[in-house]
Amino acid sequence: MEQVSHPRSAPYTHKLDPTLERHFKGHKNAITSVDFNPDLKQLVSASLDTYVMIWNLKPQSRAYRFVGHKEAVTSVHFSPSGNLVASASQDRTVRLWIPSIKGESTVFRTHTASVRSVNFSSDSQKLVTGSDDKTIKVWSVHRQRFLFSLTQHTNWVRCAKFSPDGRLIVSCSDDRTVKIWDAANKLCINTFADYGGFANCVDFNPTGTCVASAGSDNTTQIWDIRTNKLLQHYQVHSGAVNTLTFHPSGNYLITASNDGTLKILDLLEGRLIYTLHGHEGPVLSVAFSRSGEHFVSGGNDAQVLLWKTNFDAFNYKDVLENHRKRTNPDPPPHLTDIRPRSAHMHTARNPSIEINPGLAVADTQTSDPSVIDIGVPLFAQAQRGTSRISRYFAEPRDVKSNKNLQFPSTSEMSSIPSRWEQGEEIESQPVTFPLEEQTGVQSLVASTLEHIVEQLDVLTQTVSLLEHRLTLTEDKLKECLKNQQKTILQIRQAD
């Protein structure tokens, strides 16, 4: 089969082809997760280097590195409202960040092993997390508390996500199953078994009628959750598929793999249409923007790449005709049928348009952004005394007043970075920051107290759970005693 390639020395792209727009460098290790702010002005990335970073898409803007996790960060997600960022880590915690220069975060501790995924519900009110402790946990964002666990997986939970309407949760595990859960009734309502290997990632399509899984056996599968049938099965990668993301139209799917490529699948035609090269080594994360105009990828090379979709801006028939002319593919197995009656195997035999941007990045003027560390003790920054941030935060504050230790409003927080980026001098206000930012001694005391409070919260939740289980046990014991008494009476009456 003929393949269309674009060598680095003479890159050629059609107006429908995806193009690499920018690259972001700042992480020191592999990028494990990426996501867009719904306002399309920021990206967030997570890395094995323990940091969460927020990148501003405006040229020459600073990037923010959020310091807080003690071990590798495995997953990040912007809330649909754009006001919060959630992160999961191998340090067994989940953090909620306000994406601003203040760097405030709330820590959730209930998992007993590494947390692999975190995902907001569409109304931003709940979080779902998946962990190596074999559980899925749901949290209230507003109340900042644990709600309930889902516990039928028998091995590590790799990924868990809400459906678009928030009624369902899909999860995948090393037990080689994909499970669908009713979030209201806390019940598993369906299980798809993947006998070829376990799934690394799962997600709902935009309408919530299908789920796709990215497999360790190099495959991508799409299931119809209404009929419980496998719709499409793709084997187009030569390495494990790490993650996937649906285009907002539901017509396209991007997969990221250990083979170092991104693959764009046409779900209506059921075929591979683009193979993207850009990362050196495995590609670990990919996400579409909410509009679908862009997508972002992160890899083992510690780079975040921003791509422009392009093909979604044209009529689907134009995209299809252009692809046919350039690749001369075999007749499609099921034309414009997103729900084929039987699963069809799609392999790499179908040609794809190979895009290797190499050094041809659309934005060649923007250098790597300067990085501001957020969440580190700010008295240390004040000693360096060179940045506008340190001058602003170095103002003395009354640490004895409880009022000064309260969170500012979201509107106040969101206004700070924008005003600062515009060069506006920010007057000294009673906006206060965590206690550990005041002095070295106070930092140690505050850190110890915070740890004690967190442990007490965990202990309280554990005691509450034990009390609940004890109550259930007592009820069952009473019921058994009643049944035993009835049995004894029946025996006596029979005698």
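# Exercises on a predicted model

Asn 310 has a relative accessible area of 13%, so this residue is buried (buried: under 20% relative accessible area; exposed: over 50%; partly exposed: in between; 1.4 Å probe, protein chains only). The model is predicted, so local features need pLDDT of at least 70 and side-chain atom pairs pLDDT 80 or more, while totals for chains, interfaces and linings use all residues. Residues are numbered from 1 along each chain as its sequence is written, and side-chain values use heavy atoms, without hydrogens and water.

**Exercise 1. Describe the protein as a whole.**

Step 1. Count the elements: the protein has 31 strands and five helices (DSSP runs numbered from the N terminus; helices are H or I with at least four residues, strands E with at least two).

Step 2. Check the cover. Of the 495 residues, 52% are buried.

Step 3. Take the surface. The accessible area is about 23,700 Å², and carbon and sulfur atoms hold 50% of that area (Shrake-Rupley method, 1.4 Å probe; for residues, only the protein chains shown count as cover).

Step 4. Look at contacts (heavy atoms within 4.5 Å). Among contacts with a separation of 6 or more, 53% link residues 24 or more positions apart.

**Exercise 2. Place strand 28 among its partners.**

Step 1. Locate the strand. Strand 28 covers residues 303–308, and five of its six residues are buried.

Step 2. Find one partner. Strand 1 (residues 19–25) runs antiparallel to strand 28, with six bridges between them (strands pair if DSSP finds at least two bridges). Here Lys 25 faces Gln 303 of strand 28.

Step 3. Find another partner. Strand 27 (residues 294–299) is also antiparallel to strand 28 and shares five bridges with it. Gly 298 has Val 304 of strand 28 as its bridge partner.

Step 4. Inspect the turn. Three residues separate strand 27 and strand 28 in a hairpin, and Ala 302 in that turn has a positive phi of about 65°.

**Exercise 3. Set Asn 228 beside Asn 310.**

Step 1. Recall the background. Most residues other than glycine have a negative phi.

Step 2. Read the angles. Asn 228 has a positive phi of about 60°. Asn 310 has a positive phi near 70°.

Step 3. Place them. Asn 228 sits in the loop between strand 20 (220–224) and strand 21 (229–235). Asn 310 sits in the loop between strand 28 and helix 1 (316–327).

Step 4. Judge the cover. Asn 228 is partly exposed because its relative accessibility is 41%, whereas Asn 310 is buried at 13%.

**Exercise 4. Trace the surroundings of Ala 212.**

Step 1. Ala 212 belongs to strand 19 (residues 210–215).

Step 2. Its relative accessible area is 0%, so Ala 212 is buried.

Step 3. Set aside neighbours within four places in sequence. Ala 212 then has contacts that include Cys 201, Asp 203, Ile 222 and Leu 244.

Step 4. Leu 231 is 19 residues away along the chain from Ala 212, and their C-alpha atoms are 9.7 Å apart.

**Exercise 5. Describe the second largest pocket.**

Step 1. Its volume is about 1,400 Å³.

Step 2. Among its 48 lining residues, Asn 119, Lys 161, Cys 201, Asp 203 and Leu 244 are the closest to the centre.

Step 3. Elements that give two or more residues to the lining include strand 2 (31–36), strand 14 (157–162) and strand 26 (283–288).

Step 4. A pocket is an open set of points on a 1 Å grid over the protein atoms alone, where a 1.4 Å probe fits, with protein on both sides within 12 Å along at least five of seven lines; lining residues have an atom within 4 Å of a point. Volume is the space filled by probe spheres set on the points, which are joined across faces, edges and corners.
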